[in-house]
Amino acid sequence: MAVREVLRMGDGRLLQPAEPVADLDSGEVRDLIRDLWDTMAAHGGVGLAAPQIGVPRRVVVFAVASSPRYPGAEDVPPTALVNPTLHPQPGAVEEDWEGCLSLPGLRGLVPRHARLRYTGFTAEGEPLDREVSGFHARVVQHECDHLDGILYPMRIRDLRNFGFEEELAGHPALPE
């Protein structure tokens, strides 16, 4: 459909909670999901939330096959998720590096639940229920944070672990 502008940190719309999608079977939702996929692909992302393109709806997309931004990340199946709910599973919280299309060129060490169950609906309005771990769990949590007006720097525990990618090269916590 269309590549849309990605809002950047500082735009107040990114801080507003998104509204649930009322009509799962609308053409508007299908068009939004196509725009999210097109925009994510054009910017080389692994996920994108509707608020990042200025649409305050609870819709996210994500997929990882191989990403130069996240080398070594396991594959994550292409998923459009509408009205998601996250259910953190018992166990570890892990810190790892994240970036975001709304904060180009920046990275931060962010704590996330290592295991997660998420529920919601597919682009076709079918129920979706998955238990995931690792990078898949991280991506889902990151994208769903956008639906609640949360950007990943808000979760960073120590701002010494946040900065521009070029300046972070050689950072002791950054993998080679």
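Let me start with Phe164, which, leaving aside residues up to four places away in sequence, touches Gly105 and Leu106. I should say straight away that what we are looking at is a predicted model, and that everything I describe about this residue and its surroundings is to be taken in that light.

Staying with Phe164 for a moment, this residue is found in strand β8, which covers residues 162-164. Its relative accessibility comes to 46%, and because that value lies between the 20% and 50% limits, Phe164 counts as partly exposed. There is also a relation to Gly108 that you may want to look at on the screen, since the two residues are 56 places apart in sequence, while their C-alpha atoms are 8.8 Å apart in space.

That brings me to the sheet to which β8 belongs. The sheet is open, it has 3 strands in the order β4-β5-β8, and the pairing is antiparallel. Strands β4, residues 93-98, and β8 stand at the edges, and each has a single partner strand, so one side of each is left without a neighbour in the sheet. From one strand to the next, the twist averages 25 degrees.

Within this sheet, β4 is joined to β5, residues 106-113, by 6 bridges, and the two strands run antiparallel; if you would like a specific position to look at, Val93 stands opposite His113 in β5. Helix α2, made up of residues 134-147, packs on the sheet and touches both β4 and β5, and the direction of the helix makes about 105 degrees with that of β5.

Let me now turn to strand β3, which spans residues 76-88 and pairs in the antiparallel sense with strand β2, residues 59-64, over 5 bridges. In that pairing, Val60 stands opposite Leu81 in β3. Strand β3 is also joined by 5 bridges to strand β6, residues 115-121, and here again the strands run antiparallel, with Val82 standing opposite Phe121 in β6.

The last residue I would like to discuss is Asn83, which is likewise found in strand β3. Which sign does phi take at Asn83? The angle is positive, at about 55 degrees, although this residue is not a glycine. And is Asn83 buried or exposed? With a relative accessible area of 17%, Asn83 is buried, because the cut-off for that class is under 20%.

Definitions and conventions. Residues numbered from 1 in each chain as written. Predicted model: local features only at pLDDT ≥ 70, side-chain atom pairs only at ≥ 80, totals over all residues. Heavy atoms only, no water. Helix = DSSP H or I, 4+ residues; strand = E, 2+ residues; numbered from the N terminus. Buried < 20%, exposed > 50% of the residue type's maximum accessible area, 1.4 Å probe, protein only. Contact = heavy atoms within 4.5 Å. Pairing = 2+ DSSP bridges. Axes fitted to C-alpha atoms, helices over the stretch in contact; angles between N-to-C directions.
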